[in-house]
Amino acid sequence: MNRREKIAYIRAGRRFGWGDVVVLAAALLLTAVFFLAAFYAPREPGASFSVCYRGEKIFTADLEKDAEYLFYIEGGKGIVIPYTGAADRSDYNRIRVSGGSVCVAEADCPDRTCISFGRRSWGEIVCLAHEMTIVIEGGGLETDI
């Protein structure tokens, strides 16, 4: 195609040819397939969970045993104790384990995003305000990041 033909092609308003449409459709289809595979792949439930404070593992427990724990910050350290029925501390998260899954049942952080994660049997639950992470371990599709 010479220069005049290219200019005429552009002026005619044909910016995409059939080949361009096919490539774009294939790219969108592949993106959709990988997106769905990432979120809907079958996952095995975890066997245990760990509570990390500022990236440091401070507590580990089994997911098979139903229990409640209280995570709180005192003196710049994260502490996890069994929950006894009263959260009389500040900067706390109440962690509930039942039926092989874990959730944050109560928190005093301002946004309470950690509660929105819901019950999880795989993956992570993050509380940015308290710099606390619950990591479920022992399930399938784990990464070493």
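Which residues does the UniProt annotation "transmembrane region" cover? According to the unreviewed UniProt entry, this label belongs to residues 21–41. The structure examined here is a predicted model, and in it the annotated span is 95% helix and 0% strand. From one end of residues 21–41 to the other, the C-alpha atoms lie 30 Å apart.

The cysteines come next. The structure holds zero disulfides, and the distances between sulfur atoms help to show why. A disulfide requires two cysteine sulfur atoms within 2.5 Å. For Cys-103, the closest cysteine sulfur belongs to Cys-114 and is 10 Å away, which is too far for a bond. The sulfur of Cys-127 has its closest cysteine sulfur in Cys-109, at 3.8 Å, and this is again too far for a bond. Both of these starting points are hidden from the surroundings by the accessibility criterion: Cys-103 is buried, with a relative accessible area of 9%, and Cys-127 is buried as well, at 3%.

Charged side chains offer another view of the fold. Side chains of opposite charge can pair when their charged atoms come close. The structure holds six salt bridges. One of them joins Arg-54 to Glu-131, with 3.4 Å between the closest N and O atoms. This pair links distant parts of the chain, 77 residues apart. Arg-54 sits in the loop between strand S1 (48–53) and strand S2 (56–62), while Glu-131 sits in the loop between strand S7 (124–127) and strand S8 (132–137). Arg-54 counts as exposed, at 52% relative accessibility, whereas Glu-131 is partly exposed, at 40%.

Where do the partners in the salt bridge between Arg-94 and Glu-68 lie along the chain? The closest N and O atoms of this pair are 2.8 Å apart. Arg-94 is found in strand S5 (residues 92–98) and Glu-68 in strand S3 (residues 67–74), so the link reaches between parts of the chain that are 26 residues apart. Arg-94 counts as buried, at 12% relative accessibility, but Glu-68 is partly exposed, at 25%.

Glu-68 also meets the side chain of Arg-96 in a salt bridge, at 3.1 Å from N to O. Because Arg-96 lies in strand S5 and Glu-68 in strand S3, this pair ties together parts that are 28 residues apart in sequence. Shared partners join Glu-68, Arg-94, Arg-96 and Glu-106 into one network of salt bridges. Within that network, Arg-96 counts as partly exposed, with 29% relative accessibility.

Conventions:
Residues are numbered from 1 along each chain as its sequence is written. This is a predicted model: local features need pLDDT of at least 70, side-chain atom pairs count only at pLDDT 80 or more; totals for chains, interfaces and linings use all residues. Side-chain values use heavy atoms; hydrogens and water are left out. UniProt positions are given in the numbering used here, feature names are shortened, and annotations may be inferred rather than shown by experiment. Helices (H or I, at least four residues) and strands (E, at least two) are DSSP runs, numbered from the N terminus. Buried means under 20% relative accessible area, exposed over 50%, partly exposed in between (1.4 Å probe, protein chains only). A salt bridge is a side-chain nitrogen of Lys or Arg within 4 Å of a carboxyl oxygen of Asp or Glu.
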